[in-house]
Amino acid sequence: MLRTEGLVKSYGGRRVLDGFGVEVAPGEIAGLIGHNGAGKTTLVEVVSGLVRPEAGAVTVCGVDALREPRAARALLGVAPQELALYPTVTVREHLGLFAGLAGLRRAAARRAVATVAEELMLGDVLDRRCAVLSGGQRRRAQAASAMVGAPRLLLLDEPTAGADPQTRQALLTAVRARAAAGAAVLYTTHYLPELVDLDATLVVARDGRVVARGDRAALTADLPGEIRITLDPARTRPRLTDALRPRTREDGDDALRVATFDPPADLAALLSCGYAPLTVDVRRPDLDDLYAALAQPAG
Amino acid sequence: MRVDTSPVRAAEPRKEHRDARRDHVRNRDREGDLGRDRRTAAWRDAALRTSVLIRHNTAVLLHEPGPLIGRLVMPLILLLALRPLYEAARGPSGTADAVVGSLVTFSLLALSIVGSSILSERAWRTWDRLRCTPARPAELLLGKAVPVLGVLALQQTVVLVFGALVFGMPVAAPGLLVLACTAWGLALLGIGTAAGLVVRSYGQLSAVFDIGALVLTTLGGALVPLSTLPGWVRAVSPASPGYWAADGLRHAAEGDTGRTLVCASVLLGVAAATGAVAAWRVSRGWGRALAV
């Protein structure tokens, strides 16, 4: 459905995309994560035809998006990171514009607008001007304009940035529904729990290229978990073993964190050193750990 | 040695050749039909998208009717104020000069509609959003231009009808007047579109329109009769499109075909040149704008 290969794009001598390659299959939600500057938004701009790469290939549903950009754009719906709404028109008119540009005739466009508005809880504000919408409603209207033509590929660039929990939930539900209907979804975000909610395939970007791809379990399998113990700050800390010391860090005056692949053994080692924890928390590796391990800028 | 010279065998290659030719022609016709169907569908889609854009941009204009109403009423008030001045300076023909002057001056305000509407789209980032759709740049520009041309046509009609009915402005050749108005409207559209695409902020756009209005109206002899202005202004006035608009409209009202065609040609040249600048800017991406 979406396939990019070896994309290269530079701005001011800096390579923002440096061989970026990603694939998203029909019905798949690919969650693209990475720090600011990793190339996520530039990738969305290249796929949507706003930016031309210096090298590489982009294919959307078998259409070469660099040779036939209009044909490719007819297959995708885009919700850019920054809000792009007509403030002076109503939500209905705004969505009607994008339904029409997606090729829907008047009656079909009206139905599509009503459906997507219902899906994204915009039914009550359809006849309000975009300028008077709340932040969350604007986010939903933005996503609705991407979804209204039932595109085969959805590009959602941080669609929930600054959104309230209700908006976030409505958006995630709508995205899941689109994927279930067969659309491919490329979803960039910094909110990692959303990707767990979406059961998305994780794509980790760093310095303009993809450094890891897979499901959450596979990508976190090789990462350590963590033991966190709280201690009485008045008591002297016992000496750690050589094996534990490099994996241990202070967490304030009264806690220690130990990176671990074997929590029972390391907890036993702590106790044998003479530690008397007041509380013990054991945490399995999660997406934050993955993000920290993979998405940090190289070097 | 036996040589088979039977006509059947000799004819086989020719028959195969004929069949191949017939298949080729059929395939070509079929592909031609498919190509034609595809082209027809593409044109139909383009027409649908353009009509959607025209409808949308008309709605955007009508949601803020204040500027439109102002641009329709203000020329009539200016016309009432300037007519005595023009008649004092030019005699009975002053009425036509006052109508034309008022029309040219206030059609420049309509110019700001197209410029600011394009700049607003850039500032709202909706241009980029539209560029992610299958719409061609030409469709986007046409969708923007048609409602503004409609506003210009309405404004010009109101002023000319008011001038003719209330002040008895003589119109010898209505057809020529329509030609001159159309050429002036297209020139304004080109100038406004180019300005809206080249500037980077509302402040820059405002400066462009302030200076442009001075050049197009005062130097062009639309605001006050050219004959009352200093000699150096009269010398440079042909550099202003406003001069050709006012001159063309006056001569069109008098029924002077030759002069009207010259003026219309100059205005269409301005439209083509500024349209080319706009197209060049569009082909390089619209650029980001600042809402300041």
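These questions and answers concern a predicted model. Residues are numbered from 1 along each chain as its sequence is written, chains are lettered from A and ligands numbered from 1 in the order written. Local features need pLDDT of at least 70 and side-chain atom pairs count only at pLDDT 80 or more, while totals for chains, interfaces and linings use all residues.

Me: How many residues of helix H1 of chain A are buried?
Reply: Helices (H or I, at least four residues) and strands (E, at least two) are DSSP runs, numbered from the N terminus. A residue is buried if 20 or more other C-beta atoms, placed from the backbone, lie within 10 Å of its own. Those buried in H1(A) include A:Leu43 and A:Val46. For the helix, residues 40-47, the count is seven of eight.

Me: Why does the end-to-end distance of helix H5 of chain B agree with its expected span?
Reply: The expected span is 1.5 Å times one less than the number of residues. H5(B) has 30 residues, 137-166, and therefore should span 44 Å. Its end C-alpha atoms are apart by 43 Å.

Me: Which strands stand at the edges of the open sheet E12-E13-E11-E14 of chain A?
Reply: Two strands pair if DSSP finds at least two bridges between them. The pairing in this four-stranded sheet is antiparallel. Each edge strand has a single partner, so one side of each lacks a neighbour in the sheet; they are E12 (248-250) and E14 (279-283) of chain A.

Me: Which residue is the bridge partner of A:Glu250 in E13(A)?
Reply: E12(A) and E13(A), residues 255-260, pair in the antiparallel sense over three bridges. The partner of A:Glu250 is A:Leu256.

Technical notes
Buried ≥ 20, exposed ≤ 12 C-beta atoms within 10 Å, placed from the backbone.
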